[in-house]
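Visitor: Hi, I've just opened this one and I'd like a quick tour. Could you show it to me?

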Amino acid sequence: METVSENVCFDGVQGVYTHRSDACACDMTFGLYLPPQARASKVPVLWYLSGLTCTHENAMTKAAAQGVAADLGVALVFPDTSPRGEDVADDEAYDLGKGAGFYVNATQTPWAPHYKMWDYISAELPALIGAEFAVDLDRQAITGHSMGGHGALTLAMAHPGRFASVSAFAPIAHPSASDWGRKQLSAYLGEDQSKWTLHDTTLQMREVGFDGPVLVDQGGSDQFLDLLKPEALAEAMAARRQDGVFRMQKGYDHSYFFVSTFIPDHLAFHADALGL
């Protein structure tokens, strides 16, 4: 692992690091905010998974999360959204390839050699930060925006007992029934839709749910509502009697202005679940 940068931020440290990823077979970059409490003891971890076209940097610089995290004593992890490098497959469209890993393990050509974001987020990166930094992996929570909201929710439901809580901002909620999903899941996983189920939040909510509290915020003026399909997730949560809240926020769009407005609510929600 190499340090790209470290900056003092709210008396903690906002770092950016690179390392060789075995899962993705390339160099990967991530951001990690350690609050000041990490100088004295290990701190709980909140994962933030970003959306289409993003890198580790978008939420790190636009979500305005570090100040609240410093007050609460929570570390923030900002992974990249896909593998990168000259030999990594890409597509001309913004919603496939680099910046659009969809948090799955690709099985199809040309994506399979590098696009293993499910393994990277669920196994490799946690092991790395647990070994290198003062974080407590027994106390984890996860959130994300758009494609990252899809990733946060599906990863949380697939790993019962790992995350104390899960939240999402405008998640891609029902990709099997959306143009933001059918294109990517078929490209990465093939045409057998039974292979898609693990990566569809609505289907997973119907089948297994989450063993903790859920918070979902959706902008009422989001320009991508037809692609996100939030109503499907809201109905699945209600039908399952899921411990959670789905909030439609009037007037808000899909941008980081929306995320930064409600990130304090989400951090407080996760802090409560983590016992802080």
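Guide: Sure. Keep in mind that this is a predicted model. Let's begin with the cavity lining: helix α3 gives the most to the lining of the largest cavity, with three residues.

Visitor: Which elements each supply at least two residues of that lining?

Guide: They are α3, residues 117–132, and β6, residues 135–144.

Visitor: And which residues line the largest cavity?

Guide: Trp 47, Ile 121, Ser 122, Pro 126, Gln 140, Ile 142, Leu 155, His 159, Arg 162 and Phe 163. By class, that lining has six nonpolar, three polar and one charged residues.

Visitor: What volume does the largest cavity have?

Guide: About 50 Å³. A search of the whole structure turns up one cavity of 30 Å³ or more.

Visitor: OK, pockets now. What's the volume of the largest pocket?

Guide: The largest pocket comes to about 170 Å³. It is lined by 13 residues, and those closest to its centre are Leu 52, His 145, Ser 146, Phe 224 and His 254.

Visitor: How many charged residues are in the lining of the largest pocket?

Guide: None: the lining has six nonpolar and seven polar residues.

Visitor: You mentioned Ser 146. Where is it?

Guide: Ser 146 is in the loop between β6 and α4, the helix at 147–158. Its phi is positive, about 60°, although Ser 146 is not a glycine.

Visitor: Is Ser 146 buried or exposed?

Guide: Buried, because its relative accessibility is 3%, and the cut-off for buried is under 20%.

Visitor: Which other residue has a positive phi although it is not a glycine?

Guide: Asp 11 is one, with a phi of about 70°. It is found in the loop between β1 and β2. Asp 11 counts as exposed, because its relative accessibility is 56% and exposed means over 50%.

Visitor: What about cis peptide bonds, where should I look?

Guide: Look at the bond from Thr 109 to Pro 110, which is cis, with omega near 0°. Pro 110 is in the loop between β5 and α3.

Visitor: Let's switch to the sheet. How many strands form it?

Guide: Nine strands form an open sheet, in the order β1-β2-β3-β5-β4-β6-β7-β8-β9, with mixed pairing. The edge strands are β1 (2–9) and β9 (244–249), each pairing on one side only. On average, neighbouring strands of this sheet are turned by 20° against each other, if you ignore direction.

Visitor: Which helix packs on the sheet, touching β8 and β9?

Guide: That's α8, residues 230–240, and its direction makes about 150° with that of β9.

Visitor: In what sense do β3 and β5 pair?

Guide: Antiparallel, over four bridges. One pair to look at is Gly 31, whose bridge partner in β5 is Phe 78.

Visitor: And how does β4 pair with β5 and β6?

Guide: With β6, β4 pairs in the parallel sense over six bridges. With β5 the pairing is parallel too, over three bridges. Val 45 stands opposite Gln 140 in β6, and Leu 46 stands opposite Leu 76 in β5.

Visitor: How many residues of β4 are buried?

Guide: Seven of its seven residues, 43–49, so to speak the strand is mostly covered.

Visitor: What about β8, how many of its residues are buried?

Guide: Six of the six, so β8 is largely enclosed by the rest of the structure. Val 214, Val 216 and Gln 218 point one way, while Leu 215, Asp 217 and Gly 219 point the other way.

Visitor: Why would they split like that?

Guide: Because side chains in a regular strand alternate between the two faces of the sheet.

Visitor: What stands opposite Val 216 in β9?

Guide: Phe 246 does. The strands β8 and β9 pair in the parallel sense over six bridges. On the β7 side, four parallel bridges join β7 (163–169) to β8, and Ala 168 stands opposite Val 216.

Visitor: Last one: how many residues of helix α5 are buried?

Guide: Eight of the eleven, so α5 is largely enclosed by the rest of the structure. Among them are Trp 180, Leu 185 and Tyr 188. The buried residues of α5 pack against α7, at 225–228.

How values were computed:
Residues numbered from 1 in each chain as written. Predicted model: local features only at pLDDT ≥ 70, side-chain atom pairs only at ≥ 80, totals over all residues. Heavy atoms only, no water. 1 Å grid on protein atoms, 1.4 Å probe; cavity = no way out; pocket = protein on both sides within 12 Å on 5 of 7 lines; lining within 4 Å. Points joined across faces, edges and corners; volume = space filled by probe spheres on them. Nonpolar A, V, L, I, M, F, W, Y, C, P; charged D, E, K, R; others polar. Pairing = 2+ DSSP bridges. Axes fitted to C-alpha atoms, helices over the stretch in contact; angles between N-to-C directions. Contact = heavy atoms within 4.5 Å. Buried < 20%, exposed > 50% of the residue type's maximum accessible area, 1.4 Å probe, protein only.
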